[in-house]
Amino acid sequence: MQTIDKYHFAGKKAFVRVDFNVPLDEQLNITDDNRIRAALPTLKKILADGGSLIIGSHMGRPKKNPNPKYSLKSIVNHISELLDVQVQFATDCQKADAQVAALKPGEALLLENLRFYAEEEGKPRGLADDATDEEKAAAKKAVKESQKVFTAKLASYADCYVNDAFGTAHRAHASTALIAKNFSEENKMFGYLMNKEVTAVEKLMTNTARPFTAIMGGSKVSSKIDIIENLLSKVDNLIIAGGMTYTFVKALGGKIGTSICEDDKRDLALDLMKKAKANNVKIVMAVDAKIADKFSNDAKTSFVNVNEIPDDMMGMDIGPKTEAIFAEVIKNSKTILWNGPTGVFEFENFSHGSRAVGEAIVEATKNGAFSLVGGGDSVACVNKFGLTDGVSYVSTGGGALLEVIEGRVLPGIEAIRGY
Ligand code: AMP
């Protein structure tokens, strides 16, 4: 497989797919530029080697046609500052031939939001609500056909293709996967960020030092079923935390008061516990909870056994006994995955458990464990608690990371290296 370090970019034009889907405020100012910064090593390397950049990205989910709210024009100046190069802008990603042709070594061109074209995602747009199945099928076929032309156009701009957008690697879109077919093996590669992400998650899933502990928190079992099922054939310990705890506790006959619970998932919870036992996976669950009389930071609180929650109270975080149990398991682990908080960490009064888990992970990491935090709110937790530097890897790819953990092959990865 080609790599960014071996490739000679001098005099070449590189189409680099990045994930610049950054949050903007009402005045279209960037409120968090982490995603842009994450791609800088790749972009700077290509420029420094004397290559030129054609940068492609999406922003938001424009449903119909171009919408200024999602225009990448808002971020050109900031990218120019970060790259120390005046980045040019192509207002139409399909009509950039002249600008591309004029690009000199060391220059960069940012294409307008690729999702301004339905062809990027390959899904029909503007279908009437009452469209018949035939009309839907015809529209789908038409957009798939025009997607080939769209993709070929993007590919025609460049000598090589670099994918540095791990955050969209689980999408088989034109610029994230399909485009790679237009380049030979030697002329397509991962960028540095993509490479780091793939290496980290593969270390977790395939090259695992034991014991391997996964901490699954968050609000719902239903959104984590596929992940838990796949993890049951990989981990030694599965810590169940957060709101999903109460579905398990109720399924086991406990009293959970008004805690969040998915009643239709109780059988599934029992089933997962059986599967865990069959696979020799130790399920570690809360024994006590911090309960509240309302969903608020100012609620009245107390600590009770997790299966003895009064009727008018709800579990909002783990209690001190559980913190100690979780910490013990975590500190004895050699590989750790953390996905999802142990409680409603957004409220200061219910963030203690998530902080304790984060701190135990940091300690385990100091003692040589490999720890990966990713997939949504646990990333917000490590940031909030200032623990980012103490864990081995914080993934930038929410959905993409979770799909790898579910055991899926991501189209963006497969398109480059074939598996
Ligand atoms: P997820 O996106 O599934 O990882 O869920 C994250 C969300 O779960 C956060 O917003 C937490 O506030 C929420 N959460 C965690 N524990 C609880 C709980 N015990 N009750 C209600 N929500 C919770």
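This passage walks through a predicted model, starting at the ligand and then moving to the nonpolar core and a handful of individual residues.

The ligand is a good place to begin. There are 13 residues around it, and those that come nearest are Ser219, Lys224, Gly315, Glu346 and Asp377. Sorted by character, this shell splits into 4 nonpolar, 6 polar and 3 charged residues. Some of the polar contacts can be picked out by name. Glu346 places a polar side-chain atom 2.5 Å from an oxygen atom of the ligand. Asp377 also has a polar side-chain atom facing a ligand oxygen, here at 3.5 Å. With Gly243 it is the backbone that takes part: one of its N or O atoms sits 3.2 Å from a nitrogen atom of the ligand. As for how much of the ligand ends up covered, it would expose 500 Å² if taken alone, and the protein buries 82% of that.

Next comes the inside of the protein. In soluble globular proteins, nonpolar side chains tend to be buried together. Here, the largest nonpolar core holds 98 residues. Within this core, the members that touch the most others are Leu111, Leu154, Phe166, Leu231, Leu238 and Ile330. Helix H6, spanning residues 192-205, is the top contributor, giving 7 residues to the core. And where does this core sit with respect to the two domains? Domain 1 (13-190) and domain 2 (199-405) both supply residues to the core, so it lies between them.

H6 also leads on to a backbone feature. The loop between H6 and strand S7 (212-216) contains Pro211, and the peptide bond running from Arg210 to Pro211 is cis, with omega near 0°.

Two further loop residues stand out for their backbone angles. Leu28 is not a glycine, yet it has a positive phi of about 65°. It belongs to the loop between strand S1 (13-17) and helix H1 (34-48), where it is partly exposed, at 29% relative accessible area. Asp84 tells a similar backbone story, with a positive phi near 60° in a residue other than glycine. This aspartate is in the loop between helix H2 (76-83) and strand S3 (88-90). Is Asp84 buried or exposed? Its relative accessibility is 69%, and the cut-off for exposed is over 50%, so Asp84 counts as exposed.

A pair of serines shows what buried side chains in loops can reach for. Ser71 is in the loop between strand S2 (52-56) and H2. With 10% relative accessibility, Ser71 counts as buried, and its side chain reaches the backbone nitrogen of Lys73 at 3.0 Å. Ser351, for its part, lies in the loop between strand S15 (335-339) and helix H11 (352-366). Its relative accessible area is 3%, and buried means under 20%, so Ser351 is buried. The side chain of Ser351 reaches the backbone oxygen of Glu348 at 2.8 Å.

The last stop is a strand. Met316 is part of strand S14, which covers residues 314-318, and counts as buried at 3% relative accessibility. Which residue does the fold bring alongside Met316, despite a gap of 25 residues along the chain? The partner is Ile291, with 5.6 Å separating the two C-alpha atoms.

Note on methods: Residues are numbered from 1 along each chain as its sequence is written. This is a predicted model: local features need pLDDT of at least 70, side-chain atom pairs count only at pLDDT 80 or more; totals for chains, interfaces and linings use all residues. Side-chain values use heavy atoms; hydrogens and water are left out. A residue is near a molecule or strand if one of its heavy atoms lies within 4 Å of it. A polar contact is a pair of N or O atoms within 3.5 Å; within protein, one must be able to donate a hydrogen and the other to accept it, and residues adjacent in sequence count only if both atoms are side-chain atoms. Accessible areas come from the Shrake-Rupley method with a 1.4 Å probe; for residues, only the protein chains shown count as cover. Ala, Val, Leu, Ile, Met, Phe, Trp, Tyr, Cys and Pro count as nonpolar, Asp, Glu, Lys and Arg as charged, and the others, Gly among them, as polar. A nonpolar core is a set of buried Ala, Val, Leu, Ile, Met, Phe, Trp, Tyr and Cys residues joined through side-chain atoms within 4.5 Å. Buried means under 20% relative accessible area, exposed over 50%, partly exposed in between (1.4 Å probe, protein chains only). Helices (H or I, at least four residues) and strands (E, at least two) are DSSP runs, numbered from the N terminus. Domain bounds come from an automatic or database domain assignment.
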